[in-house]
Amino acid sequence: MVHGWKRTRDVQCQPHQALVCQEQIVQHLCRPCHNREKAKRLGQYICQKCHLIIDEVPLMYKSDAYHADHFNCTHCGKELTAEARELKGELYCLPCHDKMGIPICGACRRPIEGRVVNALGKQWHVEHFVCAKCEKPFLGHHHFERKGLAYCEKHYNQLFGDVCYHCNHVIEGDVVSALNKTWCVHCFTCSTCNAKLTLKNKFVEFEMKPVCKTCYKKFPLELKKRLKKMSEKGGHK
């Protein structure tokens with residue numbers, strides 16, 4: 001016992017023991033456990049093969065960290081770096097992987113083996129292509145681009161203004177507000193004949209789009225009756 005210290009109790013620190021004293025904890029650790037404790041303090045990884053601290057960027061393989069030089073490319077046999085890519089359980093150097101034509105996700109930098117989203121000049125996992133504001137995946141829904149970032153319609157409008165219902169671009173200049181939507185002046189046209197419309201023209205709403213009176217007259221009688229009833233219920237003139 002150390003002079004002046006009073007031994008209180010022994011505690012188990014699996015798989016090793018630590019002697020707890022009044023002023024400090026004295027531990028006797030094996031080398032792997034010592035490295036693990038040191039790595040925690042330094043915020044670094046431990047190689048799962050040699051059990052030493054990884055000072056450089058680790059190679060992540062099957063969710064574990066390794067020194068990259070423990071592995072060789074499955075195709076060319078060269079010693080790997082942290083840029084190695086995993087594909088179907090095998091590791092490849094970056095040049096060999098690129099030659100295989102496997103797309104790399106612009107977010108996680110991992111290979112895409114399933115459905116690919118092409119946007120912003122990159123390729124993405126479906127679940128990783130998200131709105132830059134709310135970070136929700138688009139999952140096939142329309143997105144809006146600005147300065148190399150993608151946004152959902154809600155946050156694009158909040159941040160940058162109105163989006164034209166027809167062309168999906170931000171409206172620059174005058175805005176036409178009709179049918180609870182916004183339009184570029186030159187995009188506000190009859191959805192049937194493409195004739196240009198203004199708010200002074202009489203038009204009918206059909207499938208959430210404007211139809212000029214000329215095209216409306218060509219609709220079947222039953223359809224016109226149904227549209228008229230819907231218009232009267234909604235107070236649409």
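Which residues have the most contacts inside the largest nonpolar core? Keep that in mind as you open the model, which is a predicted one.

**Start with the whole chain**

Show the protein chain as a cartoon and you should find 5 helices and 17 strands. Switch on the surface: its accessible area comes to about 16600 Å², and carbon and sulfur atoms account for 50% of that. Of the 237 residues, 32% are buried. If you like contact maps, take the contacts with a separation of 6 or more; 13% of them join residues 24 or more positions apart.

**Select Trp183 and Phe188**

Here is the reply to the opening question: Trp183 and Phe188 have the most contacts inside the largest nonpolar core, a set of 20 residues. To see what supplies this core, colour strand 14, strand 15, strand 16 (203-206), strand 17 (209-212), helix 4 (213-217) and helix 5 (221-234), each of which gives at least two residues. Nonpolar side chains tend to be buried together in soluble globular proteins.

Now centre on tryptophan 183 and display its contacts beyond four places in sequence. Phe188 is one of them, and the others include Cys164, Tyr165, His166, Ile171, Val175, Val176 and Pro210. Asp174 and Ala178 also touch tryptophan 183.

Apart from this core lies another, with 16 residues; Ala65, Phe71, Leu80 and Cys93 are among them.

**Select Leu91**

Leucine 91 sits in strand 9, which runs over residues 90-92. Is leucine 91 buried or exposed? Its relative accessibility is 4%, so leucine 91 counts as buried. Show its neighbours, leaving out residues up to four places away in sequence: among them are Leu59, Tyr61, Phe71, Leu80, Arg85 and Glu86. Asn72, Cys73 and Thr74 touch leucine 91 as well. For a distance to check in the viewer, try the C-alpha atoms of leucine 91 and asparagine 72: they are 7.5 Å apart, with the two positions 19 residues apart along the chain.

**Select Lys49 and Lys181**

Stay with Phe71 for a moment. The charged end of lysine 49 sits over the ring of phenylalanine 71, 5.7 Å from the ring centre. Then move to lysine 181, whose charged end sits over the ring of tyrosine 165 at 5.0 Å from its centre. Tyr165 has come up already, as a contact of tryptophan 183.

**Select Phe144 and Tyr156**

The structure holds 12 aromatic pairs. Phenylalanine 144 and tyrosine 156 form a tilted pair, because their ring planes stand at 40 degrees, with the centres 5.4 Å apart. The pair links distant parts of the chain: phenylalanine 144 belongs to strand 12 and tyrosine 156 to helix 3 (residues 153-160), 12 residues apart. Both phenylalanine 144 and tyrosine 156 are buried. Add Tyr151 and Phe160 to the selection, and you have one aromatic cluster of Phe144, Tyr151, Tyr156 and Phe160.

**Finish with Leu139 and Leu179**

Most residues other than glycine have a negative phi. Leucine 139 has a positive phi of about 50 degrees, and leucine 179 has a positive phi of about 55 degrees. Where are they? Leucine 139 is in the loop between strand 11 (122-125) and strand 12 (144-146). Leucine 179 is in the loop between strand 14 (175-178) and strand 15 (181-184). With 54% relative accessibility, leucine 139 counts as exposed, whereas leucine 179, at 12%, is buried.

Note on methods: Residues are numbered from 1 along each chain as its sequence is written. This is a predicted model: local features need pLDDT of at least 70, side-chain atom pairs count only at pLDDT 80 or more; totals for chains, interfaces and linings use all residues. Side-chain values use heavy atoms; hydrogens and water are left out. Helices (H or I, at least four residues) and strands (E, at least two) are DSSP runs, numbered from the N terminus. Buried means under 20% relative accessible area, exposed over 50%, partly exposed in between (1.4 Å probe, protein chains only). Contact means heavy atoms within 4.5 Å. Rings of Phe, Tyr and Trp (its six-membered ring) pair if their centres lie within 6.5 Å; planes under 30 degrees apart count as stacked, over 60 as edge-to-face and the rest as tilted. A charge sits over a ring if NZ of Lys or CZ of Arg is within 6 Å of the ring centre and within 35 degrees of the ring normal. Accessible areas come from the Shrake-Rupley method with a 1.4 Å probe; for residues, only the protein chains shown count as cover. A nonpolar core is a set of buried Ala, Val, Leu, Ile, Met, Phe, Trp, Tyr and Cys residues joined through side-chain atoms within 4.5 Å.
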